[in-house]
Amino acid sequence: MEKVKSNSGEHVNLAYDSTLDGPSVYDKDDDLREVRPSVASAFGHDTLDRVPNIDFYRNAGSVSGHRAVRPSLQELHDVFQKPNGAISVPDTVEDDYEGSNGTPSDDVESVVPLDSGKGAVKFGWIRGVLVRCMLNIWGVMLFIRLSWVFGQAGWGLGIVVIALSCVVTTITGLSMSAICTNGVVRGGGAYYLISRSLGPEFGGSIGLIFAFANAVAVAMYVVGFAETVVELLVEHDVLMVDPLNDIRIIGVITVVLLLGISVAGMEWEAKAQIVLLVILLAAIVNVFVGTFIPPTADKKSKGVFNYDVNIFLENFPPAFRNQESFFSVFSIFFPAATGILAGANISGDLRDAQAAIPKGTLLAILITGITYLGVGLCVSASVVRDATGNITDLITPGVACGDSAVAACELGYNFSSCAVESCKFGAMNNFQVMTLVSGFGPLIIAGTFSATLSSALASLVSAPKVFQALCKDNIYKALHFFAKGHGKNDEPIRGYVLTFFISVAFILIGNLNTIAPIISNFFLASYALINFSCFHASYAKSPGWRPAYKFYNMWLSLLGAALCCGVMFVINWWAALLTYAIEILLYIYVKVKKPDVNWGSSTQAVTFVSAVSNALSLAGVEDHVKNFRPQILALTGATRTRPALLDLAHSFSKNYGLCLTCEVFVGPRVEALPEMNTGMEKNQQWLKKTKRKAFYAAVNCDKFRDGVETLLQASGLGRMKPNTLMMGFKTNWQTSGSEAVQSYVGVLHDAFDFEYGAAILRINQGLDVSHIIEAEDEMLKSAKEQQELESDFTSNGGKGKGLFRKSRPSQQVLTTRVSVCGPPPPQVAKMNEKLVQASTQFKTKQPKGTLDVWWLFDDGGLTLLLPYILTTRKKWNNCKMRIFIAGQPGRSEMDKQEMKLLLHKFRIQCADIIVIDDIHIKPRNERYMLENHLGPTSALGAPCPHLYGLSLKKLEDMIEPFRLHERTRDSTQVEAMRKNQPWKITDDELDEFEEKTNLQVRLNELLQENSKSANLIVVSMPIARKETISDFLYMAWLDILTKDLPPTILIRGNHKSVLTFYS
């Protein structure tokens, strides 16, 4: 509950130099203490303040080991109060990775960009993004299937197919541009963008399947290349084994060559991409040039002509065949557009990713979209849908053309037979139409090779880069092995090897026709999450969402996400469901594992907005008794100090109510604040680690009661504020002094004044284990230091490292340290063992037993509600609840039936109802018990009244040091004592409250008789009227009532109903 700060505590900051006692000195020759000229010139004098500088905003966990640090607020605020005055603020400090913001040191978020001057290869927006995206989008679709798409859909719907694909990719590009320009972008591509926007759960799930999709895509593109080569081998009859095995052999050889280019470095890979781009551009130009070259008779027989209006008009409407439809044709074409992330995937190798990714990606979408439209329209204007390939199928002069193949008929060719039988040529039937249309056929084959190899190379580079970034974040700890990079560009060699084996495996055994739609859906899932990330960040309206790229719209991003999800089902519904299932499973896995990262995701922002919104809406609703739940303010001190109190409070609130664990730091602010500030995060993290659904709060005041009063008044938010104060019993009240007792009882008075319910927990062994925790921490620290010293000595053969060698600790030093931190005496150790066992008893499942509720006074029902809540918890479901009530002599059965009816209306079940009809009699004293042989007996049958231990004589002994005894002293002495010691118990007060005092003793006798074996006892708390009952007498009541009992909790509600039997 209370934390007293010693005078030795002092705020420590790496920017503070306590050894300087003169005025602030800044030596320009010292890199650590140099004052930038802008400071002096701007203000004209030395100042601790620093002008804004980018170095102050770098991550604390930077792997560079150094960061700039600004003076703390305490140093600026407290500087002139320090006796020795001067402070020197360094521009940089050594970062030892401790006390950072929780970001792992090897997190890609923390990595300072490599300086290009140190040999790292960095690309601009053209080579790094534009070229890669164009090569990935210009795939085999351009040369092999585009004519088929326009043949099936017609050029009217063909334009719609390409436009719809470009709409999806453009919206995704706009969303990606907004995310990229909202902060520094590191390596990891789509994974980095999604994880930093939506958090590790979404990022971790999509990052893994995205990396896997790229790895399998390598196999798909390589197989496409190998199939083209095998077709040439078949054409020239030079097969090595058979077509299938030749595809495998050529595929594996190709992957090996591509792997060699990738491992050689990004510079070699970029050069290879440029060569492939030149070949691809030549092939595309070759297509356009070929449409102007007069076709030969052979080409005409195969349906290839020059530009003709009739052919163009004939190819306008769709002509779907073989159960094809618009959506099936769209699903075949759309994967060609899924290369827009090729540039973003190597974001860590870009010179300026924020500028390069938006510019290069969007321009690539525009160029490739125009190219697809241009090639498709050119083919539609010069190639008929069906042709026989027979140069003798000519139109007889004077014979009218029929209804079929009208355009070819008007050009002198009779392809009407294709209406009744399938033909092998034409845009609908021949996948090699582009070769026929082009000016030089072999160049189209080279373009096909270039398209497949460039896409395979891009995927082979993307997969390891994304996978490395995922592994560096250590979201999947088993994969951290692949985080290591090599060389000046931090190349993921291990990732390259893994990608190689995955690709080879799918080339050898994979059914790529089945796996292809799954891979396309994996890519689309990434696009959907990128769009949703942009929408989510905009929707959260976080001040940190400030993208430099302004040409985006949150609702357009949401539409893009919906379109991506829709396209997933259009491509393949079962693949879409499988993708969602895998992503959900990975999401749940990461959610359960709770990786220790904090990237300031929009999920956190939306959670905060939702919490504020819900709190505001809740504030406008009046409290209702049916919705009452205990909101606990527990005075636990530090979270580890009173575990039993915290565990019981957490059992009351669990996940359904508010629980605040509070600590009051007593002492001067300058001494208490540093420890309080450092303890805030530490204690909250401990609660999270131990899965306590609670909040930690701390205040600093000169007096303990003032601190608790502050907590009682200011804790909570709107309707989410505490309504029940819970604290431990002050077992040392007889020795702690009048001020401490007055403060303790005053806290209860304050709680009742603010209409709080109150609960006091007493365990015979005590609650406070702070001394044990401190001793354990000290022993662990000493053992760690000793182990480090010994390991340093042994690892160097008895010699220290470097210029300054660590000397081996002498045996005397080690012995002294062990003796200081050694085990306590046996008696103390036994007491500590019992204390630890008692402090953890509410953490485990309770054994079979009873939970006895002594509901003596109607306080609104809190005394009954709290134990009932306990019986609903798994840890307490073995305990049967018994209700004890006070009854009048002669009508016990009637009182029992009335209580039974009341509990029935409250829908609260209990094992038994016991009516105590002899509470009103006076407590038995020891002499009476001995004379009449009453009370418990020992194993030998002798009376043992000391087992009750609660006689009026013992109560008198308890309060004797605090009595005034005004009737046995002269009036002058009494007046002086009343003036100096107003807290003394007067004889008049004892006479006035004799019956109430006797009641507490009598209650303990009854508790000993009826509830000695209970797991937990709940008793109505007696109330002390302010300025009427002295604090020491009240503490004696509480002490005598709960002495020598199992764990007991005294409860008093605020006398407002918390139970109702109305629906």
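# A guided tour of the model

Start with helix α4, residues 141-180. It has 40 residues, yet its end C-alpha atoms are only 29 Å apart. A straight helix would reach 58 Å at 1.5 Å a residue. Keep in mind that this is a predicted model.

**Stop 1: the bend in α4**

Where does α4 bend? Select Gly154: α4 bends there by about 115°. Now colour α4 by burial. The helix is mostly covered, with 30 of its 40 residues buried.

**Stop 2: α6, for contrast**

Next, select helix α6, residues 200-235. Its 36 residues reach 52 Å from the first C-alpha to the last. That is close to the 52 Å expected at 1.5 Å a residue. Step past the end of α6 to Asp237, whose phi is positive, near 60°.

**Stop 3: a glycine beside a distant residue**

Go to Gly188. This residue lies in the loop between α4 and α5 (189-198). Is Gly188 buried or exposed? Its relative accessible area is 1%, so Gly188 is buried. Now add Ile346 to the selection. The two residues are 158 apart in sequence, but their C-alpha atoms are 6.8 Å apart in space.

**Stop 4: salt bridges**

Side chains of opposite charge can pair when their charged atoms come close. How many salt bridges does a search of the whole structure find? The search finds 20. Visit three of them.

Select Asp623 and Arg719. Their side chains meet in a salt bridge, at 3.4 Å from N to O. Asp623 lies in the loop between α20 (602-619) and β4 (632-634), and Arg719 in the loop between α23 (704-714) and β7 (724-728), so the pair ties together parts that are 96 residues apart in sequence. Turn on the surface. Asp623 counts as exposed because its relative accessibility is 61%, and exposed starts over 50%. Arg719 is partly exposed, at 31%.

Move to Arg692 and Asp647. This salt bridge measures 2.5 Å from N to O. It links distant parts of the chain, 45 residues apart. Arg692 is in the loop between α22 (669-689) and β6 (695-701), while Asp647 is in helix α21, residues 643-653. Are these two buried or exposed? Arg692 counts as buried at 11% relative accessibility. Asp647 also counts as buried, at 5%.

Now pick Lys1026 and Asp753. Their closest N and O atoms are 3.0 Å apart, and they form a salt bridge. Here the partners are 273 residues apart. Find Lys1026 in the loop between β12 (1016-1020) and α35 (1031-1042), and Asp753 in helix α24, residues 738-753. Lys1026 is partly exposed, with a relative accessible area of 44%. Asp753 is partly exposed too, at 42%.

Before leaving the charges, select Arg891, Asp895 and Glu898. Salt bridges with shared partners join these residues into one network.

**Stop 5: aromatic rings**

The structure holds 34 aromatic pairs. One of them is Phe330 with Phe334. The ring centres are 5.6 Å apart. The planes make an angle of 40°, and the pair is tilted. Both residues are buried. Add Phe326 and Phe327 to see one aromatic cluster with Phe330 and Phe334.

**Stop 6: charges over rings**

Which ring does the charged end of Arg196 sit over? Select Trp599: the charged end is 3.8 Å from the centre of its ring. Then look at Lys905. This lysine lies over the face of Phe1061, at 5.4 Å from the ring centre.

**Stop 7: two residues of α22**

Finish on helix α22. Thr678 lies in this helix. At 58% relative accessibility, Thr678 counts as exposed. What does its side chain reach? The side chain of Thr678 reaches the backbone oxygen of Pro674 at 3.0 Å. An α-helix has 3.6 residues a turn, so residues three or four places apart point the same way.

Asn683 is also found in α22. Asn683 is buried, with a relative accessible area of 10%. Show the side chain of Thr639 as well. The side chains of Asn683 and Thr639 make a polar contact at 2.8 Å.

Note on methods
Residues are numbered from 1 along each chain as its sequence is written. This is a predicted model: local features need pLDDT of at least 70, side-chain atom pairs count only at pLDDT 80 or more; totals for chains, interfaces and linings use all residues. Side-chain values use heavy atoms; hydrogens and water are left out. Helices (H or I, at least four residues) and strands (E, at least two) are DSSP runs, numbered from the N terminus. The expected span of a helix is 1.5 Å times one less than its number of residues. The bend at a residue is the angle between axes fitted to the seven residues ending there and the seven starting there. Buried means under 20% relative accessible area, exposed over 50%, partly exposed in between (1.4 Å probe, protein chains only). A salt bridge is a side-chain nitrogen of Lys or Arg within 4 Å of a carboxyl oxygen of Asp or Glu. Rings of Phe, Tyr and Trp (its six-membered ring) pair if their centres lie within 6.5 Å; planes under 30 degrees apart count as stacked, over 60 as edge-to-face and the rest as tilted. A charge sits over a ring if NZ of Lys or CZ of Arg is within 6 Å of the ring centre and within 35 degrees of the ring normal. A polar contact is a pair of N or O atoms within 3.5 Å; within protein, one must be able to donate a hydrogen and the other to accept it, and residues adjacent in sequence count only if both atoms are side-chain atoms.
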